[in-house]
Amino acid sequence: MSDAPTLLPWLAAPLAQGLSLQAHAVLLHGPGGVGQFELGLAMASGWLCEAADGQPRPCGRCAGCRLMAAHMHPDFHLLLPDLLREPLGWGAAEESVDGDTGAKSAKTKAKPSKEIRVEAVRAAIEWGQKTSSRGGAKVILIHPAQAMNAVAANALLKTLEEPAGQLRLVLTAHDPEALLPTVRSRCQRLRLDLPPAAQALAWLAAQEVARPEVLLAAAGGQPLEALAMAAAGIDSAAWERVPEAVRRGHATALADWPLAQQVDALQKLCHDLMCLRADAAPRYFGAATLAPLMHPRGPQWPALAQWAAELTQAARHDEHPWHAGLRSEALVGQGARLWQTPRSPAPAASGPLDTLGTR
Ligand SMILES: [Zn+2]
């Protein structure tokens, strides 16, 4: 009756490593689209598994594992920004399904937040001090830890240092340096790296992602990110159309994508064009896709640097409620300028420094 969720294949080794750690608090870090949340859940399941000694944990069959799979384990507490609840399958924002112990939980009716609020952290700490319901460990998973602001993170410090009883904490972060040093220093770190490409490609193919090598490169080697792109309608063909569409100034190629994805794609294109200008291999787009765009009058350094700066600016404001279509056109239009001849071209003999001076 119970079907414990299948572990992502590249997480087996990190899971064994994580379960062997003696620390009360573990910080999972590394690239974001690899499965930090899934690994954190699997570690919690392993600690809460009630299988007999000597059996592999989590077993997927015991009462503890079944409760975890049903998101109802009374000794597991998840701290997640409301915004991530639905995408991660942990209930709608208003439901506040964590802390399903009958104890009070912080119910919020505001619009889904990107933050883990201090009230939620305090409620989790209070929950952690109570006796274990099933007589074993208790686990708090905080994903992602950088969603706690300084006040919320500070509220956690004492618990991180001296957790009550058998309480364990798992924090995730794609950038540990963004956390308070006092939080970092109280956790044992476990780095989750990009999986081997062959393993990631086989997994993506099993998820019915067509030509997974294109999307895996597009996602910088992060398989969950590649799958999310496919789910958002960004397939391999759509990705490969981006460079030529930008050269032509055709924003419609990206217009249906979420704005953050558009900016991300354009930043990756800009990055790859810079690589090619420096005679380095592109990372996110295939060399064959980009080669026709790199003729001698193609993108030059000063224009690339300017576009990169414009895109960085756009990335900071990608949730600004501007009309998305207008934003697409502006961003792609800025990119298309890379292939336009300057109005007053410098003499053919002039070097790149002269061109820099004219902007
Ligand atoms: Zn079990």
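These are my notebook entries on a predicted model with a zinc ion.

**Ground rules.** I number residues from 1 along each chain as its sequence is written, and side-chain values use heavy atoms, without hydrogens or water. In this predicted model, local features need pLDDT of at least 70 and side-chain atom pairs pLDDT 80 or more, while totals for chains, interfaces and linings use all residues.

**Whole chain.** I looked up the secondary structure and found 16 helices and 5 strands (DSSP runs of at least four residues for helices, H or I, and at least two for strands, E, numbered from the N terminus). I then checked burial: 45% of the 359 residues are buried (under 20% relative accessible area, 1.4 Å probe, protein chains only).

**Zinc site.** I listed the protein donors (N, O and S atoms within 2.8 Å of the metal, or 3.2 Å for Na, K and Ca). They are the SG atoms of Cys49, Cys59, Cys62 and Cys65, 2.3 to 2.4 Å from the zinc ion. The 4 donor atoms subtend angles of 105 to 116°, so the arrangement is tetrahedral (four donors, all angles between 85 and 135 degrees). Along the chain I read the spacing C-x9-C-x2-C-x2-C. Cysteine 49 lies in the loop between helix H2 (36–48) and helix H3 (63–69), and cysteine 65 lies in helix H3, 16 residues apart. I found both cysteine 49 and cysteine 65 buried.

**Helix H2.** I noted that 12 of its 13 residues are buried, so H2 is largely enclosed by the rest of the structure. Among the buried residues are Phe37, Met43 and Trp47.

How values were computed
Tetrahedral: all angles 85-135°; square planar, octahedral: opposite > 155°, others 65-115°. Buried < 20%, exposed > 50% of the residue type's maximum accessible area, 1.4 Å probe, protein only.
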